[in-house]
Amino acid sequence: MTGDANVTLRRCDVSDSEGAGAHLTGTSRTVLVDCTLRGIDGDGIRLDDDARAQCSGTRVDNVRGRGLHVGGAASGVFESCEFQRTGGPAVQLETLGHPVLRDCRIHDAGAQGVLAVGTAAPGAVPAVVGADLDVAASGEDEQRTRVESCEIVRTGAEGVLVAGDVRICLATTQVRDTRSSGIHAAGSAQVTLETVRVADSEGTALVVTGAATARVRDTVLTRSRANGIHVSGEGTVVLTGGEVSHTAFTAVHLSGGSRATLSDCLVSTTPEHGVRVVERADLVGERVRVEGARSVGVSVEDGDLLLRDCRVSDSGAGVCLSTRHRPLLDGCEVSGIAGTGIEIGPRTDALVRGGQVMETGSAGIFVDEGSNASLEDVTITDTGGSGLVVWASAGPRVRSVTIARTRKNGVYVADGAAGLIETSTVSETEFPAIYVGAAATPLFRDCLVHDTTADLTLTDGAAPVFEGCSTRAVATSSLPAHSARADSQRTPGAVTEVRAGTAGADETDPREESLDDLLGELALLVGLERVKDEVNALANLMRMVKRRQEAGLSAPPLSRHLVFAGNAGTGKTTVARLYGRILAALGLLTRGHLVEASRGDLVGEYVGHTAPKTQAVFRQAIGGVLFIDEAYALVPHGQGADFGQEAVSTLVKLMEDHRDDVVVIAAGYPRDMERLIDSNPGLASRFTRTLTFADYSSDELVGIVCRLAELYDYQLADSAVEQLGDYFAGIPRGERFGNGRTARQVFQRMTENQAQRVAGLKEPGSQDLTLVLPQDVPTGPP
C-alpha cells in the first residue's frame with residue numbers, strides 16, 4: 001500500500017512472497033485483522049515514510065527478514081499479534097514515530113526479539129494508541145515507543161536491544177530464554193521498564209552501556225547466566241521495587257563512570273557479589289535488601305556509595321569499602337555474615353552512621369590501615385571475632401557505638417594504630433573488652449565497660465589514653481574507674497592510671513606465635529606424613545634464610561609459592577592456613593592470614609574485567625597466603641580463549657611485583673594441576689615445589705573420627721573402632737570419595753544412629769549418652 005491509500009484486510013493469508021509480505025509507504029493508512037503472513041523471503045510487515053498501520057490478531061511466521069520493520073516516520077498499533085521464526089530481528093523499530101505493541105507474542109527469532117534503533121526527535125509525531133488512526137494521544141508517556149503486555153521468548157541474541165537516541169517503554173512484559181542479554185540499552189537510549197520480568201537469559205538480564213538510561217520499576221530480573229544488571233560507560237539505572245536474583249555472576253555490577261539508584265528492592269542469591277561498584281561508578285541505595293551473596297554483599301572498589309536504611313544479610317562478607325571517596329552507610333543493618341560485617345579498606349575514610357552489625361563470623365567492623373573512618377551511633381553485637389578492629393596506622397573517630405556479645409575482644413586496636421573512641425559502651429565479651437597493641441595511641445573518652453570478665457589488655461609499648469571512662473560488673477579490672485580527664489596540655493600518648501593486663505587479644509600479631517607450637521599443631525594432624533616432613537623442611541630452610549639475612553649474609557634464591565596436589569578432603573586448606581602462620585612466625589609474612597579464592601573470584605564476566613577482579617582478591621592476601629582452590633579451572637581443558645588465561649597472566653605479574661608480600665598456593669587434583677602449570681611459563685618458574693596430599697588410609701580415617709569423637713565428648717567402644725575400620729575399608733575410592741569429608745559425614749551419621757538408639761532406652765545414664773557401639777556405625781554408603 002502506498003500513496004494516501006486507506007485499506008482494510010481481514011483474515012487474509014499472504015505466503016511465499018519474494019519481497020515483504022505487506023509493504024506500507026507514503027501516507028497510507030492500513031488495517032490488518034486476523035491475517036497471516038508466512039514463508040516470506042523478505043520482511044513480514046514493513047512500514048516506511050509516514051505510513052500508519054493498525055494490526056490485530058495478525059501472525060507473521062517463517063520469514064527470512066524481519067517480522068515487523070517500522071522505519072522513517074511511520075507508526076502504528078499492533079495488538080495480539082505474533083511474530084515467530086524470523087531470520088532477522090522479530091520487530092525492528094527504526095522510526096521517528098512511536099509505535100505500540102500490545103499483547104503480542106515474539107519468539108524464536110534468529111536475532112533480537114525487539115530491536116529499536118534510530119533517532120526519536122523532539123516534537124516528533126506522537127504514538128497512535130487509540131483505535132482511530134486519525135486520533136493522536138498526548139502526554140510524555142506517549143512520546144515514546146511502547147511494548148505492553150508482550151511476551152518475548154527464545155531469541156537468537158538479545159531479547160530487546162535499544163540503541164541510539166531512542167525512547168521506549170516496556171510494561172507488563174516478559175522476556176525469557178534469550179541467547180544473549182535479556183534487555184540491552186546502548187548509545188543514548190532511554191528505556192523504561194514497568195512490571196517487566198526478565199528470566200533465563202544466557203547473558204546479563206539488563207545491560208546499560210554508553211550514555212543510555214534505564215528507569216526500572218517493579219521489575220524482576222532473575223536466573224541470568226551472567227549479571228542481573230551490568231552498567232558501564234556513562235550509563236544510568238534507576239531501579240525502584242522488584243528484585244534482581246539467582247544470577248551466575250555479580251547481581252548488580254557498576255563500572256566506568258556509570259551511576260545507579262536502587263530503592264525498595266531485593267538483590268539476592270549469587271555466588272559472587274550482591275552489588276559491586278568499581279572504577280568511577282556511583283551507587284545510591286535506599287531500603288535495599290541484599291541477601292545470599294556468597295562473596296560480598298556490597299563491594300566498592302574505587303567507586304562511591306551511599307546506602308541508607310539498607311539491609312545486607314546471609315553473605316560471605318557484608319560490606320567491603322576500598323576507595324578514595326567517602327562512602328556513607330546511614331542506618332543500615334548487616335547481619336548473618338560468614339566473615340566480617342563491614343570492612344573499611346586501607347586509606348578509605350568511610351562514614352558509618354546509625355544502624356547495626358550483628359551475627360558475624362569474624363569481626364563486626366574492621367578498619368584497615370591508614371583509614372580515618374567515622375563510626376557514629378552504631379550497634380555491634382554477636383560477632384564471631386572482635387566487635388571493632390582498628391588495624392595498624394588507622395585513626396578512626398568512633399562515637400556512641402555499642403558493642404556487646406563478642407566471641408573475642410570488644411575493641412581491638414592493633415600495633416601502631418590510633419583514633420578516638422568516645423561515649424561508647426562495651427559489654428559481654430569473651431576476651432578482654434579492650435585490647436591495645438604495641439605503640440598504639442588511641443584515646444578512649446567517656447566510655448563504659450560492663451558485665452564482662454576483663455576490661456583491658458595492653459601489650460608492651462601500648463600507650464592509650466583514657467578520659468572519663470568507667471567500669472561496672474567487671475570481674476578483673478585494669479581500667480581505672482572514673483578516670484580523670486586529662487587537660488589540654490597532656491603529653492600525646494600518655495596513659496591515665498593503666499596497668500598491663502593478661503593475654504587474650506583477637507588479631508594477635510602472628511609473629512608472636514611460637515614456631516615450635518605451630519609445627520606441633522601440624523604434627524597433630526592425622527596422616528599427611530610426607531606433607532608434614534616437607535613443611536618442616538621448608539620451615540627449617542626459611543629459618544636458616546632468615547638467620548642469614550639477620551647476619552648480613554646473602555640469602556639463597558627461594559620460592560615460597562607451592563602447588564598442593566591432592567583429591568578433595570585431604571587437608572589442603574588446613575595445611576595452607578598453618579603454612580601462612582608459620583611464615584608469619586618466621587617474620588617472612590606480616591600477617592600470615594589465608595584468603596581463599598576460586599575461579600569465580602578471579603575471572604570476570606566481560607572483556608577487561610578479569611584483571612581488576614584478580615587484583616582485588618590479590619590485594620586482600622597481601623601479607624598472607626592466597627589459596628586458589630581448584631586452580632586448574634582457570635584454564636579449562638580445550639578452551640584456549642577463556643578469560644581464565646588473563647587471570648593467570650595477571651597473577652604471574654602480581655606474584656613478581658609482590659614476591660616478598662604474598663605466598664600463592666594453587667590447589668587441585670594432581671593431573672589437572674600439571675596441566676595448569678604447563679599452561680603458562682611464568683607459573684612453571686614460580687611454582688617449583690609440589691606437595692602431594694595422599695588419600696587417607698582406612699586407619700587414618702578411623703583416627704579422624706576418633707579425634708572428632710574426643711572433640712564432641714563421645715567415647716568409642718573398642719568394638720566400634722574395629723567396626724569403623726572395616727566400614728572404611730569397604731568404601732569404594734571413586735570420584736565421590738571425600739577423604740576427610742567422608743570421615744566427618746560418617747561421624748555425623750554415627751552420632752545420629754547413637755542418638756536414635758539411646759532415645760529408645762527408658763532411663764539412659766551418662767555413659768549411654770556418650771558411648772558409641774558397633775551398631776551405631778553406618779552400614780550403607782557415606
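**Salt bridges, a sheet and confidence**

Glu291 is partly exposed, at 23% relative accessible area (buried is under 20%, exposed over 50%, partly exposed in between, with a 1.4 Å probe and protein chains only). The model is predicted, so local features need a pLDDT of at least 70 and side-chain atom pairs count only at pLDDT 80 or more, while totals for chains, interfaces and linings use all residues. Residues are numbered from 1 along each chain as its sequence is written, and side-chain values use heavy atoms, with hydrogens and water left out.

**Exercise 1.** Identify the salt bridge partner of Glu291 and state the N to O distance.

*Solution.*
- A salt bridge requires a side-chain nitrogen of Lys or Arg within 4 Å of a carboxyl oxygen of Asp or Glu.
- Arg289 meets this with Glu291, their closest N and O atoms being 3.3 Å apart.
- Arg289 is partly exposed, at 39% relative accessibility.
- Elsewhere, salt bridges with shared partners connect Asp264, Glu286, Arg287, Arg308, Asp330 and Arg353 in one network.

**Exercise 2.** Determine which parts of the chain the salt bridge of Arg85 and Asp61 ties together.

*Solution.*
- The closest N and O atoms of Arg85 and Asp61 are 2.9 Å apart.
- Arg85 belongs to strand S11 (residues 82-86) and Asp61 to strand S8 (residues 59-63), so the pair links parts 24 residues apart in sequence.
- Asp61 is buried at 6% relative accessible area, whereas Arg85, at 45%, is partly exposed.
- The whole structure contains 39 salt bridges.

**Exercise 3.** Give the strand order of the five-stranded open sheet, then place helix H3 against the sheet.

*Solution.*
- Helices (H or I, at least four residues) and strands (E, at least two) are DSSP runs numbered from the N terminus; two strands pair if DSSP finds at least two bridges between them.
- The order is S61-S62-S63-S60-S64, with parallel pairing.
- Strands S61 (594-597) and S64 (690-693) are the edges, each pairing on one side only.
- Four bridges join S61 to the parallel strand S62 (residues 625-628), and Glu596 stands opposite Phe627 in S62.
- Helix H3 (residues 572-585) packs on the sheet, touching S60, S61, S62, S63 and S64, and its direction makes about 170 degrees with that of S63.
- Contact means heavy atoms within 4.5 Å; axes are lines fitted to C-alpha atoms, for helices over the stretch in contact, with angles from 0 to 180 degrees between N-to-C directions.

**Exercise 4.** State the average pLDDT of the chain.

*Solution.*
- pLDDT is the predictor's confidence in each residue, from 0 to 100.
- The chain average is 85, and 89% of the residues score at least 70.
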